[in-house]
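Me: Could you take me through the terms used for a structure like this one, and show how each value is set against its definition?

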Amino acid sequence: MRAVLTVIGHDKVGIIYRVSELLASCNVNIADITQTILQDYFTMIMIVETDACNCSFKELQEKLDALGTTLEMSIRLQHEDIFNSMHRI
Amino acid sequence: MIDINQITETNRMIDAQHLDIRTITLGVSLLDCADSDSARCRERIYEKIVTRAEQLVSVGESIESQLGIPIVNKRIAVTPIALVAAGCRTEDLVPFAETLERAAQTTGVNFIGGFSALVPKGFTPADRALIASIPQALAATERVCSSVAIGSTRAGINMDAVRLMGRTVKEAARLTAHADGIGAAKLVAFCNAVEDNPFMAGAFLGTGEADCVVNVGVSGPGVVKCALEQVRGADFNTVSETIKKTAFKITRMGELVARMASRALNADFGIVDLSLAPTPAVGDSVGHILEEMGLERVGTHGTTAALALLNDAVKKGGVMASSSVGGLSGAFIPVSEDIGMIEAARCGALTLSKLEAMTAVCSVGLDMIAVPGDTPASTISAIIADEAAIGLINQKTTAVRLIPVPGKGVGEEAEFGGLLGRAPIIPVSRYASDDFIARGGHIPAPLNSLKN
C-alpha cells in the first residue's frame, strides 16, 4: 500500500538522510518526495510504498516515532486513503 | 502526487482542531437470542455480543494507527432488550443489564446501548418491566445505556410513558446520588427515535437493521470553528458555504473509516452519522461555533437562527459526501459536554427555555442538562412532553437527558467526569405541572402524520 510520511519541525542537518536510511533498512520504497517551509517549519512529505516492508505497519510507525524523538521532529505515517477520501471525489 | 497543502490541512484538523472519529458503534441484533428461559436468553446474548464484537476494539485501534486519526470510542448497540426479553415473562430485567455490562467489559467497549423499550403508542408487559428495571440497572452497571421511545410523529405521544419516565429519571438519579445522579446521564427519552444512531446514550439497533452493522459517528466542532474564523465578518451565505465544505471533508473521512471497519469486522456498513458532537475540551465546542458567528454568548438572541443554519449546513455537506448519511446527523447541544455551553449556563446566558427553542432546530434535544435535585417528577415529565411535542409536530428526533442532581440546587455544579463533563445546575419553572401529567393517556398523532 501507499502511505504518506510527514516530517515537521525545525530544519537541521541530515533529516532526509536519517529518514531515508530508516526506510531503506525496512525495505520501504520512496515513490515521491517534496519539502517546503510552512509557517517557519520544515515540512517534508514522502509518498512511500510499504508492500515489501520487512516489518509491520505498526512497527514501522514505532521506529519512525523513535527517530522523530531523536530528531525532535514530528514524524507521522498514514495510509494515503485518508487524504484521498477527504480531498478527492 | 498528493497536494502538500491538503496533507497539512488534514493533519492540522486532527492535531490542532480535535477532528476525530467519535465512535465506531457495532450494532448487534439480539433477536435470535430470545428464549423462554431468562438465564438461557442472557447466556445467548452474552455469547452473541462477545463473538460478534470480539475484534471491535482491536480493529478500531488498527484503523486509528493506519490513518493517523483518533477513534475515540468503540461501542456496541443492541436490539432493545424489552423485545429480546419479552419471551422470558420476567418482571426483573436488571440481570439483562448486568449481562450487557459483562459483555461490554469482555469486549473492552466503553458503552453499550440498548437497554431500551419502544412505547410510542403503548406498552407490552416486557416494556413495563424494562422501564421499572431502568434505575436499578443503571445503578448496578457502568457502561450500560438506556433509552425509551415515548412518542413519534406517526404514533403520537404515550403520556403514560411520559409520566413513568419522569419518575424513572428521578429514581435513576437518586440511586446514583453519590455520583451526582450519573444514572440519569445514561438514560434518554426519545420522540422519533432513530434506529441506526451510533451515539450514546440513545444508541440501539432497530429491528429493521441487519444482523451485525457498523455505524460510525464523526465529529469535529473545532474544525468548523476554525474554518469560520477564516471568514469572520462575511455574510451568512459564506458562513453556510464554509460549514458545508468542512462537513463534506469530515464526512468523507467518516465513510472511509466505516468502510474499513465493516470490512474488517465482516459486518454490514450501516451509516455515517455526521454530528458535531462537542467534548468538554477547549476547542471542541458547538457553543463556540455559534459565538464565532457573532453572538456574545450562546443562548442570547440569535442563537436559534445560528444553530438552524449550522445544523442545516452540516447535513447538506454530509449528504454530498456520502450516500449513507444517517443516524442523527447535525449539531448536538449537550450542555455538560460543551465548554461553551457550560460557560454560558454558568453566567445565566443559557436558560432551559432557550435550550428548548434550540432543540427545535438542532439534531436531537435537551441533552445533559443538570437541574435541581428537588425538581418534581411531574415537572421532568412535563419537560419530556414539551420536548416530544416539538419532535412530534416538526417530524424530527427530539430527546431529553436531564439529571436532577440529588442534594444540589441552582448555582451549584454536577461533576460527571470524562466525556460526560460537568454541568452548572440551571433552574426549572417553579410552577407545577402535576395535574397535566396526572391525566395520562395518549396525545394523538398529528395531522401531518397522515401522509399516505
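Reply: What follows is a set of questions about the contact between two chains and about a sheet. This is a predicted model, in which local features need pLDDT of at least 70 and side-chain atom pairs count only at pLDDT 80 or more, while totals for chains, interfaces and linings use all residues. Residues are numbered from 1 along each chain as its sequence is written, chains are lettered from A, and side-chain values use heavy atoms, with hydrogens and water left out.

Me: What makes a residue part of the contact, and how many residues does each chain give?
Reply: Contact means heavy atoms within 4.5 Å, and by that rule chain A gives 26 residues and chain B gives 24 residues.

Me: What is the area buried between chain A and chain B?
Reply: Buried area is the accessible area (1.4 Å probe) that two parts lose on being put together, summed over both. Here that area is about 2400 Å², and carbon and sulfur atoms give 65% of it. Of the area that chain A buries against chain B, A:I82, A:M86 and A:H87 supply 27%, more than any other three residues.

Me: Why is the meeting of A:R76 and B:D15 called a salt bridge?
Reply: The term requires a side-chain nitrogen of Lys or Arg within 4 Å of a carboxyl oxygen of Asp or Glu. The N to O distance between the side chains of A:R76 and B:D15 is 2.4 Å, so the pair satisfies the rule. Across this interface the rule finds one salt bridge.

Me: Which element gives the largest share of the side of chain A that touches chain B?
Reply: That element is α3(A), with seven residues, where helices (H or I, at least four residues) and strands (E, at least two) are DSSP runs, numbered from the N terminus.

Me: How do you know that β1(A) and β3(A) are paired?
Reply: Two strands pair if DSSP finds at least two bridges between them, and β1(A) and β3(A) have eight bridges, in the antiparallel sense, so they count as paired. One example is A:V4, whose bridge partner in β3(A) is A:I47.

Me: What makes β2 and β4 of chain A the edge strands?
Reply: The open sheet of four strands has the order β2-β3-β1-β4 in chain A, with antiparallel pairing, and β2 and β4 each pair on one side only.

Me: Which helix of chain B packs on this sheet?
Reply: Helix α1 (residues 4–16) of chain B does, touching β1, β2, β3 and β4 of chain A.

Key: Axes fitted to C-alpha atoms, helices over the stretch in contact; angles between N-to-C directions.
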